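User: Could you walk me through this model before I go back to the bench?
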Amino acid sequence: MKKIVGIALLMLPLFALAAKVELQTNKGLITIELEAQKAPKSVDNFTRYVKAGHYDNTVFHRVIDGFMIQGGGFVIQNGTLEQKPTRTPVSNEADNGLKNVIGTVAMARTNDPNSATSQFFINLVNNDFLDFRSKTPAGWGYTVFGKVTAGMDVVNRIAKSRTGFVGGMQDVPMEPIIIQKATYKP
């Protein structure tokens, strides 16, 4: 009986491990631990895009040092940014208790709180003004669904990229920052 209990206790950490996603970029590797218990819809949405290869060869198209880096929606084709097609938006889960603090990963969206599709951002600083305050259009906030557990040095290098206007968009890195491959690690 002691042997069975001992084996069961040894296995507990295996079940407690969170799923991860690795983003291999042309600047280095970023590992994201997913918060499936607190943001199940957003994690499912993100991992479905990862498993489908959606993020492969996309770019970080919006980089604002002292704020965040954003990617997951555009590729470079013929020297211009082209938006990739997406699935139906996911419901906002920003009322999950997770905060937009340094190194967290959140869903990007439009002014509509329930418009997040494939784009995400990594917080470079504590962005409490992006946190949930109320279930109103202005108060919903941005759903945090993960955190960078390795590669924050890569994220910070990306943040220092020289940016400008490209195709009517501002804060675009002048040297493309490419997510070469996104891999799900259960």
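The chat below goes from the whole protein to one strand and its partners.

Analyst: Please keep in mind throughout that this is a predicted model.

User: Fine. How many helices and strands does the protein have?

Analyst: The secondary structure comes to three helices and twelve strands, and among contacts between residues at least 6 apart in sequence, 68% join residues at least 24 apart.

User: What is the radius of gyration, and what would a compact globule have?

Analyst: The protein has 17 Å, which agrees with a compact globule, because one with 186 residues would have a radius of gyration near 16 Å. The C-alpha trace spans about 65 × 40 × 30 Å along its principal axes, and buried residues make up 45% of the 186 residues.

User: Switching to strand β2, is it mostly covered or mostly exposed?

Analyst: Strand β2, residues 28-34, is mostly covered, with six of its seven residues buried.

User: Which strands pair with β2?

Analyst: Strand β1, residues 20-25, runs antiparallel to β2 and is joined to it by six bridges, while strand β9, residues 144-150, also pairs with β2 in the antiparallel sense, over four bridges.

User: Which residues stand opposite each other there?

Analyst: On the β9 side, I32 stands opposite V148, and on the β1 side, the bridge partner of Q24 is L29 in β2.

User: And what joins β1 to β2?

Analyst: A hairpin joins β1 to β2, passing through two residues.

User: Last one, how many charged side chains are there?

Analyst: The protein has 21 positive and 15 negative side chains, and the centres of these two sets lie 6 Å apart.

Methods
Residues numbered from 1 in each chain as written. Predicted model: local features only at pLDDT ≥ 70, side-chain atom pairs only at ≥ 80, totals over all residues. Heavy atoms only, no water. Buried < 20%, exposed > 50% of the residue type's maximum accessible area, 1.4 Å probe, protein only. Pairing = 2+ DSSP bridges. Rg over C-alpha atoms; globule rule 2.2 N^0.38 Å. Contact = heavy atoms within 4.5 Å. Lys, Arg positive; Asp, Glu negative; His and termini not counted. Charge placed at Lys NZ, Arg CZ, Asp CG, Glu CD.
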